[in-house]
Each structure stands twice: as structure tokens, then as C-alpha cells.
Amino acid sequence: MRAGDGRHLYYHPVTWWPRTPGPIERRAGFDRAAPGESRTMAARAVARRKVTVIGAGMVGGTVAQMLATRDYADVVLVDIVEGMPQGKSLDLMQVGPLLGYDTTLTGANSYEETARSDVVVITSGIARKPGMSRDDLLRTNMGIVGSVTKQVVPGSPDAVVIVVSNPLDAMCHVAFDNAGLPRERVIGMAGVLDSARFRAFIAMELNVSVEDVSAMVLGGHGDTMVPLSRYSTVAGIPITELLPAERVKAIEQRTASGGAEIVGLLKTGSAYYAPGMSVVEMVDAVLLDKHRVLPCSVLLQGEYGIDGLFVGVPVKLAAGGVEEIIQIKLTDEEQAALNNSAGAVRSLVEAMAALKENAES
Ligand SMILES: NC(=O)c1ccc[n+]([C@@H]2O[C@H](COP(=O)([O-])OP(=O)(O)OC[C@H]3O[C@@H](n4cnc5c(N)ncnc54)[C@H](O)[C@@H]3O)[C@@H](O)[C@H]2O)c1
């Protein structure tokens, strides 16, 4: 487009594609297409951040919806069900004019569109069905999480991978083993959700704003999790000083069975609003380089006296993923509870190793 005096006013690199990319196109990434990726896709990827969400079910769809409203990254939704991620993406594109976001959402049944993602969120998997054994669930989700990790990482070798699929800490091991990425960039989402549940229950109990409540939950994602009441506060005051011990215990227990309480009410399926938003809080921390201190499942290598297991602990989360594992002082009782929780993760990891060995023999 030219002004009346012939000055070049606007250059649209997608429609006016030059034979050889010039400096503008190079800066925009047009000449950096990955194998299987169109040059237009490459340009977009550089121009805007990209988050891939694998599994476009209840949690994945909610992550996509809440991420879209952030308006800082495009979203690719991947699922094996044909049409479903495409349909959800199109639906969410049509929310853009209503909420005022320009996020591009793309649905796919393969991985070309995911190339050069900054963050990959893995929510694919099946839920435990009535009568299904723990090992059946493990076997199925190990297969799904392993396969999607192997497919997504080659196109996005710099991504931070956030694992959501259950059993969470075990699936972090599967993603880590298949990704070939450093431990800083394979992180499980559980502690943010468990802490949000703890915060909600504390606010409900004391009739205070959730904004003034901060809380910390450590350990594996499951009924062995360790809500740390000593470090959970209302406007800086530990809840142990605001509530009688039996109420603190009751809130801790409700937090530990927070997921099951919702499953019991929904009858089919499990929670997805709070899990979805918990993922977005982690994506915010990475894409906005916020250095948030959040409890996440990370591969411990001696921290907290635990070695070679994914367990939830507080970490500093920023652009490159986990920047630091924060070691807080625990009482003997808290450390014993954390060890017990790590023991539950170890037994899942051992069960997965046995299943793998059986499958190979
Ligand atoms: N970490 C947490 O705190 C937390 C919280 C809630 C749910 N979860 C877990 O997250 C997972 C998703 O939950 P949901 O409610 O969204 O389940 P869902 O059944 O609604 O969605 C799962 C999706 O994964 C898809 N899928 C299956 N195999 C796939 C593959 N190979 N490639 C791509 N997609 C595939 C399915 O088609 C389905 O759409 C479950 O494992 C659930 O237990 C974890």
C-alpha cells in the first residue's frame, strides 16, 4: 500500500511474499520454517508466542479458553478425536470479538502446527473408569503421555513442558524420559491446584478474601500430599494462629481429598476449571518471566533428601522453566509426611518399570 506521494506505508509480508526474504521477513521468521512447517506458520510463531495444549478434553479445552483471554500467545489444541480440537478452537476464536482478544487458536490431530511452541501442556489421557485397576490406568496413560511427548518435542525443542495427565508425578517421569529435555523444562502441575484448593477452604472457613490467603502444599499429587499449614497464612498470619488445631486438620484433609470430592459430585469426569487455571498460572510465570514461587512437581536430585523422583516442592518459575528449587525448613513430622508421599510416587514408578519390562519380554 502506498500513500498519495508514493511513500511505502504498509507492507504485509503474508500477502506480498517476495521471492527472497528481505530483512523484515527474516526478522519476522519467514526464513526459519522448521521441517513440515509453512513459512507463514514460522513467521507467526516468531511474531507471537505459542502454547500447545495436547488433549482437548475438559482440562485442555479450559486451558485453551483461559489462555486465549490472556492474549499473549497463540494456542494449538491437539487431540486424537477428529474435528473436536478444530471445533473447540473455532468456537474460542468466535469468543475473541466478544472478549476482545486476538489470540489465534488452531485445532489439529497431528503435530505440524505445534512446531516452535514456547510451552507444551500435556493433558491427554484417560480417567480411571469403574473396575479399572491402577496398573491398567498406568499402562494406558504411560503409552499416551510417552507417545505425545515423543511427537511434540522434536518440533519444539526449546519448550517448557507442563504435565497435567494423571497419575501426575508418574506421568512426569514418563514425559521426562521421553522428552530428552533438562529437568528444568519438564514440570508437573499439581501443587498450584492443591494450594488453590487449600486457599479456597481457608478463605471459606475464616470468611476472608482469598486475595489475602496464601498457602503451600507439597508432595505427590494424591491423598498423601502434604498441606503445610505453618506456611499458610492470612495476610501474613499463619492459619495455625487463627484456627483451632482440629479445624486446621479438617481443612488439610479436605484439601487432600479435594479432587475426589469433585469427582463424587460430578459423577462422571473430574475437575477442570481450577486445574485449567492452575496451568495458566504456570504458563504466565514462564511466558511473562515472572519468577513466581509456586509448588510444582519437579525431578528432585537430593533436594529434601529425595533423589530421582518427581515430587511437588516450591520452585521459582520463570522463562526457562524451573530456575531454582526452594528448600524450606520442615519439621520432623512434615519431612516424614513428605517422605511418605515420595514413597507413593516411588511405588508408581516401580510399577511402571515392571509394566514396561513385562511388555518388552
Ligand atoms: N494434575 C492435576 O492436578 C489434574 C487435574 C485434573 C485432571 N487431571 C488429569 O488430566 C487429564 C485430562 O483430564 P480431562 O478431564 O481433560 O479428561 P478428558 O477425557 O476430558 O480429556 C482427555 C483428552 O485426551 C485425549 N487423548 C487421549 N489420547 C490422546 C492422544 N494419544 N493424543 C492426543 N489426545 C489424546 C482424549 O481424546 C480426550 O479428549 C486426566 O489424566 C486427568 O486425570 C490432572
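Me: What volume does the largest cavity have, and what makes it a cavity?

Reply: In this predicted model, the largest cavity has a volume of about 30 Å³. The name applies because a 1.4 Å probe fits at its points but cannot get out. The structure holds one cavity of 30 Å³ or more.

Me: Which residues line the largest cavity, and what makes them lining residues?

Reply: A190, G191, D194, V217, L218, G219, G220, H221, M225 and G312 line the largest cavity. They are called lining residues because each has an atom within 4 Å of a point of the cavity. Two elements, α8 (191–206) and β8 (217–218), give two or more residues to this lining. By class, the lining of the largest cavity divides into four nonpolar residues, five polar and one charged. Glycine counts as polar here, so G191, G219, G220 and G312 belong to the polar class.

Me: What makes the second largest pocket a pocket and not a cavity?

Reply: The second largest pocket has a volume of about 410 Å³. It is called a pocket because its set of points is open, with protein on both sides within 12 Å along at least five of seven lines. The residues that line it number 20, and V226, P227, K249, E252 and E333 are the closest to its centre. Two or more residues come from each of β9 (226–227), α9 (245–256) and α12 (332–360). Of the elements, α9 gives the most, with six residues. The lining of this pocket comprises eight nonpolar, six polar and six charged residues.

Me: Why is the ligand said to lie between domain 2 and domain 3?

Reply: Domain 2 (48–188) and domain 3 (191–351) both give residues to the shell around the ligand, so the ligand lies between them. That shell has 23 residues, with V59, D79, V164, N166 and M189 the closest. At least two shell residues come from each of α3 (58–70) and α6 (134–152). The shell divides into 14 nonpolar, eight polar and one charged residue.

Me: How do you know that V164, M189 and H221 each make a polar contact with the ligand?

Reply: A polar contact requires a pair of N or O atoms within 3.5 Å. A polar backbone atom of V164 is 3.0 Å from a nitrogen atom of the ligand, and a backbone N or O atom of M189 lies 2.8 Å from a ligand nitrogen atom. For H221, a polar side-chain atom lies 3.1 Å from an oxygen atom of the ligand. These pairs lie within 3.5 Å, so each is a polar contact. Taken alone the ligand exposes 860 Å², of which the protein buries 85%.

Terms used
Residues numbered from 1 in each chain as written. Predicted model: local features only at pLDDT ≥ 70, side-chain atom pairs only at ≥ 80, totals over all residues. Heavy atoms only, no water. Near = heavy atom within 4 Å. Polar contact = N/O pair within 3.5 Å; in protein donor to acceptor, adjacent residues only side chain to side chain. Areas by Shrake-Rupley, 256 points an atom, 1.4 Å probe, with all protein chains shown as cover. Helix = DSSP H or I, 4+ residues; strand = E, 2+ residues; numbered from the N terminus. Domains from an automatic or database assignment. Points joined across faces, edges and corners; volume = space filled by probe spheres on them.
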